[in-house]
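Work through these short exercises on cysteines and aromatic rings. Try each task before you read its solution.

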Amino acid sequence: MDLQAFRQELTEFYWHKADDMADAFRDKIFPILDASVTPTMNAYQRKALQYDVIAEHCRPVLFHTSPFYHELGTMIALCDGCGDFHGHLHAGGWNYDRYQHLFRDQDPALYDIRSAQGSELLYLICGPYCDTRQHFIFNCKPIYQGGLKGMYDEAQAQLALAETDEERDFLQAASEGLLCLKRISEKFAKAAAERLREATDPEEIANLRRIADSAAHTPWHAPRSFYEALNMLAFIRTVCGALEGVGYNTFGRPDVELYPFYQKDLAEGRLSKEEAYELIRAFLLTWDLHYDHDMKMVGYADHELENTYTLGGCDAEGNPVWNDLTAMFLKATREQKIIFPKGKVRFSANSPKEYLDAADEDVIHGTSSILYQNDDTCIPALVRSGISLEDARDYLISGCWGMMPYGNLMDDHGNYVNLLKAFEFSVHNRQDKMEKCHLQFLPLDGAQSFEDVYRITLENCRILFRERNRMTLLGKPIWSQIDPLPLTSASMTGCLESRKDLTAGGCKYHDEHYACVGFPNIVDSLLAIKTLCFDQQKYTLQELLSAVRKNWEDCEDMRRDAIRCPCWGDESEESCALARRFNTDLYEALRELKTLWPGGHVRLGHLTYTEIRFWAEKTLATPDGRHSGEYFSQGLTPSRLHKIESVTSVVNSLAALDGSEMGGNNVVNIILPSNRMTLDNCAGFLRACAHSAMGSLQLNCVTKEELLDAQAHPENHRDLIVRVCGFSARFTSLSPEWQKEVLTRNFYD
């Protein structure tokens with residue numbers, strides 16, 4: 001493969017053509033759909049209409065240099081499939097765009113309260129009452145076995161057993177969506193055959209012949225080769241996104257799922273290891289070339305493309321996964337400086353050293369483009385939340401940190417619950433904000449003991465949990481009447497069998513998870529109150545609250561005292577005991593909540609995206625010594641107010657928590673010095689982390705001096721890639737504000 005020509009062609013398309021093509025296609029399709037829909041159509045029938053019209057009018061895009069078939073030119077380059085991606089509407093967003101008003105119309109008063117609560121940063125939902133647009137999965141496992149045809153046959157069999165109109169409408173829409181995928185694949189086969197008549201370049205001719213043959217077969221039928229299985233991942237992500245209008249955020253577990261095809265091809269002489277690596281390299285580059293790595297990261301998610309894949313971990317019997325494909329994906333990421341798709345590397349205490357070295361090699365040299373995920377914490381956490389051991393072992397990470405059993409669950413990954421905002425309302429007694437939000441949090445004023453303070457804080461968390469839960473229970477049930485996802489549902493375990501769309505509760509598991517924001521800052525604030533007001537009695541609670549409410553003005557001595565108190569991450573007995581207690585109490589509070597559909601659990605997580613800046617800027621001072629507007633901690637990362645010297649203290653603090661309580665995952669940012677990192681000590685560090693409650697590890701290996709030099713001389717540091725929060729980016733592409741955020745993090749010895 002001519003890699004330079006490949007890069008040039010895809011860069012030209014995605015940077016200069018794709019967006020205009022998407023706009024033109026949308027402008028063509030919307031009037032057709034508007035003229036075709038009738039008032040008597042229900043949501044399933046409208047969605048089937050959308051599938052059919054897009055499939056009829058789309059035109060395949062085949063590249064001269066690429067062996068893959070997947071591009072339709074119906075979505076902007078950065079779009080993950082979401083029908084309205086960062087304010088840009090594509091054809092697959094038609095149905096949702098036209099009918100999303102029904103979420104508000106069902107109960108305008110409820111909608112206004114939810115909007116007020118969101119505007120005051122009490123929680124984030126990537127949708128009206130649930131995540132309706134992004135963080136989805138298309139489960140490709142059934143395609144590996146029987147192709148889309150197997151799914152279609154199952155839908156038809158269930159259609160014969162359907163008992164209600166809704167069941168029939170769902171199954172008919174799912175069947176239509178699957179047939180539309182078949183039609184589009186056949187369009188690729190026809191387009192390749194037509195191009196062959198004029199092609200003269202030998203490499204292009206070989207690619208077109210392979211596409212013409214494969215597209216006529218896969219994905220309607222199960223893949224016959226490693227190439228077809230790999231291309232199927234590209235086809236499903238792009239084409240299903242174009243039809244369904246939701247973002248698919250994972251390619252699954254390619255080193256597990258594609259390995260049988262790879263082995264068979266090798267055994268039968270159809271593929272060499274070198275050819276497999278060339279395909280993997282081209283596959284990863286296909287997505288990485290969708291955007292300019294040097295564009296400035298200024299806003300909320302400027303460098304977020306949301307496509308991921310999960311490597312390693314264990315198989316169904318619990319044996320470590322480490323094979324040729326694992327190595328090839330890591331090698332291609334390293335050699336081509338891939339940032340997207342985002343690699344998620346599952347590890348455990350017994351991971352093979354060769355596997356850890358392959359993952360660590362780039363990281364220890366300042367290229368932090370992967371996320372480490374701890375099996376030894378995550379699998380028990382999933383099992384404790386009700387997931388079977390077999391399904392838990394098959395978990396993957398979608399989007400940023402979305403932890404789920406693959407193909408069995410569709411919970412809300414864009415769901416942040418801001419405990420720190422509830423704490424702020426209590427500390428500052430913000431009656432004006434509480435009235436606006438129709439919520440009454442208990443003020444800390446008048447507490448007579450630390451137990452009173454703790455009880456009030458925990459009760460305020462419960463109040464917020466219950467209100468967030470109320471919004472789901474009252475607002476979400478109408479989702480299936482607005483924008484069901486029958487095509488996606490056809491792939492998910494349980495939906496065809498139950499004859500229910502995933503938006504109507506058809507999946508095998510019905511869990512939700514709350515990504516809590518502010519845990520470290522609340523723990524540190526409680527420790528400061530306990531130490532200064534009740535243990536040492538140096539200040540009264542009212543004096544401390546008064547200082548915080550003045551943003552510590554003229555109270556610098558008191559603020560320094562607060563910062564000197566025990567803190568989360570310092571490994572002290574006081575901090576570990578309080579953090580363990582608080583985490584367990586949060587876990588129990590969430591267990592009290594109901595899920596929309598029976599049998600589900602609300603799982604606890606600690607995750608924070610770019611809210612560490614944007615929410616923090618709108619958060620008042622806290623008793624831990626934090627000023628108004630200053631950063632707060634990401635996930636379970638210790639506060640940057642406290643300069644904890646040793647990373648061992650952080651890991652030991654995390655070991656004090658019960659990891660099985662966090663079935664919603666957690667994230668920790670750690671920066672270790674690149675000038676002291678080796679493969680051996682990095683592997684040892686990961687094995688130590690495996691024994692803690694850490695879920696996701698965002699590991700950067702860099703020194704502050706390197707980062708400062710990169711600010712001054714960006715031309716010398718273009719390959720310095722840092723893990724920001726949920727995604728990675730070149731440090732030189734970050735805005736000054738984001739560079740400052742990274743520079744103020746804790747750098748450990």
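**Exercise 1: a ring pair in a helix**

Y454 is buried, at 3% relative accessibility (buried means under 20% relative accessible area, exposed over 50%, partly exposed in between, with a 1.4 Å probe and protein chains only). The model is predicted: local features need pLDDT of at least 70, side-chain atom pairs count only at pLDDT 80 or more, and totals for chains, interfaces and linings use all residues. Residues are numbered from 1 along each chain as its sequence is written, and side-chain values use heavy atoms, with hydrogens and water left out.

Task: classify the pair F450 and Y454.

Solution.
- Step 1. Recall the rule: rings of Phe, Tyr and Trp (its six-membered ring) pair if their centres lie within 6.5 Å; planes under 30 degrees apart count as stacked, over 60 as edge-to-face and the rest as tilted.
- Step 2. The centres are 6.4 Å apart and the planes are at 45 degrees, so the pair is tilted.
- Step 3. F450 is buried too, with a relative accessible area of 9%.

**Exercise 2: a second pair**

Task: classify the pair F425 and F441.

Solution.
- Step 1. The distance is 6.1 Å centre to centre, with 65 degrees between the planes.
- Step 2. The pair is edge-to-face.
- Step 3. F425 is buried at 1%, and F441 is buried at 1%.

**Exercise 3: cysteines**

Task: how many disulfides does the structure hold?

Solution.
- Step 1. A disulfide is a pair of cysteine sulfur atoms within 2.5 Å.
- Step 2. The structure holds zero.
- Step 3. Check C495: the nearest cysteine sulfur, that of C507, is 4.1 Å away.
- Step 4. C495 is buried, at 0%.
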